[in-house]
Amino acid sequence: MKVYNFDKVISRDGTYSAKYNNKGHDIIPLSVADMDIPVADFIVSELSVANQKGIYGYTLLSDDWQQVAAQWYQRHYSWKVNPEHIVFCPRVVQAVSLFIQNFTQPGDAIVSLTPAYHPISHAVEVNHRVLLESALLYRDGDAANLLI
């Protein structure tokens, strides 16, 4: 059985931590689901990362993030992307809203599989689109979607 140390304290200095970037503030940050314990050593040893502090949480952007992202697309997909065309969206729900606003018009219908994360479904209605739910049904030991 592997033993895990839950009492190990890790300094987040220099890690672009979104949770702890406000130095000097006497606060307990609860805004993001970022763990304050390191990833188990046997997992860290399997990962190839530049910063091996053992915490892989939400981070702020480095100055060269667009260039790094463009290089990643080139390396993995042979796709040359202009770094200036890469847009950062820090939260999934806001990204969904941007997709809705840019690829549909008010009054359009959008299908969502349900059950779903409510804030994403709500983003459809907040953006003045019509939500159509395709409910996940469980019948005779099998799951299937049925548009209702």
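Here are a few worked exercises on the predicted model shown above.

**Exercise 1. Get your bearings**

Work out how many helices and strands the chain has, and in which order they run.

*Solution.* Begin with the count: there are four helices and three strands. Next, walk along the chain from the N terminus, and the elements read α-α-α-β-α-β-β. Then look at burial: of the 148 residues in the chain, 22% are buried. Finally, turn to the contacts with a separation of 6 or more; 36% of these link residues 24 or more positions apart.

**Exercise 2. Find the buried side of helix 4**

Identify which residues of helix 4 are buried, and say what they pack against.

*Solution.* Start by locating helix 4, which spans residues 118-126. Its buried residues are Ser-121, Ala-123 and Val-124. Now look around the axis: these residues sit on the same side of helix 4, because the arc they cover is only 145°. The last step is to ask what lies against them. The buried residues of helix 4 pack against helix 3 (92-103), and also against strand 1 (109-114) and strand 2 (130-139).

**Exercise 3. Describe how helix 3 and helix 4 cross**

Give the crossing angle and handedness of helix 3 and helix 4, then list the residues that meet.

*Solution.* Take the geometry to begin with. The two axes, of helix 3 and helix 4, come within 9 Å and cross at roughly 25°. Angles under 35 degrees count as roughly parallel, so helix 3 is roughly parallel to helix 4. As for handedness, the crossing of helix 3 and helix 4 is right-handed.

Now bring in the side of helix 3. Its residues in this contact are Val-92, Val-93, Val-96, Ser-97 and Ile-100. From helix 4, they are met by Pro-119, Ile-120, Ala-123 and Val-124. Sorted by class, the contact of helix 3 with helix 4 holds eight nonpolar residues, one polar residue and no charged ones. Two names should look familiar: Ala-123 and Val-124 were also on the buried list for helix 4.

**Exercise 4. Look for unusual backbone geometry**

Find where the chain has a cis peptide bond, and which residues other than glycine have a positive phi.

*Solution.* A reminder helps here: most residues other than glycine have a negative phi, and most peptide bonds are trans.

- Step one is the peptide bond. Thr-114 and Pro-115 are joined by a cis bond, with omega about 5°. Pro-115 belongs to the loop between strand 1 and helix 4.
- Step two is Ser-78. Its phi is positive, about 55°, although Ser-78 is not a glycine. You will find Ser-78 in the loop between helix 2 (65-77) and helix 3. Ser-78 counts as exposed, because its relative accessible area is 61%.
- Step three is His-128, which follows helix 4. Phi of His-128 is positive too, near 60°. His-128 lies in the loop between helix 4 and strand 2. With a relative accessibility of 59%, His-128 is exposed.

**Exercise 5. Place Val-3**

Decide whether Val-3 is buried or exposed, and how far it is from Ala-40 in sequence and in space.

*Solution.* First, the location: Val-3 is in the segment before helix 1 (41-44). Second, accessibility: a relative accessible area of 79% is over 50%, so Val-3 is exposed. Third, the distances: Val-3 and Ala-40 are separated by 37 residues in sequence, and their C-alpha atoms are 8.9 Å apart in space.

Terms used: Residues are numbered from 1 along each chain as its sequence is written. This is a predicted model: local features need pLDDT of at least 70, side-chain atom pairs count only at pLDDT 80 or more; totals for chains, interfaces and linings use all residues. Side-chain values use heavy atoms; hydrogens and water are left out. Buried means under 20% relative accessible area, exposed over 50%, partly exposed in between (1.4 Å probe, protein chains only). The arc is that of the directions from the helix axis to the C-beta atoms. Contact means heavy atoms within 4.5 Å. Axes are lines fitted to C-alpha atoms, for helices over the stretch in contact, and angles run from 0 to 180 degrees between N-to-C directions. Angles under 35 degrees count as roughly parallel, over 145 as roughly antiparallel, 65 to 115 as roughly perpendicular and the rest as oblique. A crossing is left-handed if the near helix is turned anticlockwise from the far one by less than a right angle, and right-handed if clockwise. Ala, Val, Leu, Ile, Met, Phe, Trp, Tyr, Cys and Pro count as nonpolar, Asp, Glu, Lys and Arg as charged, and the others, Gly among them, as polar.
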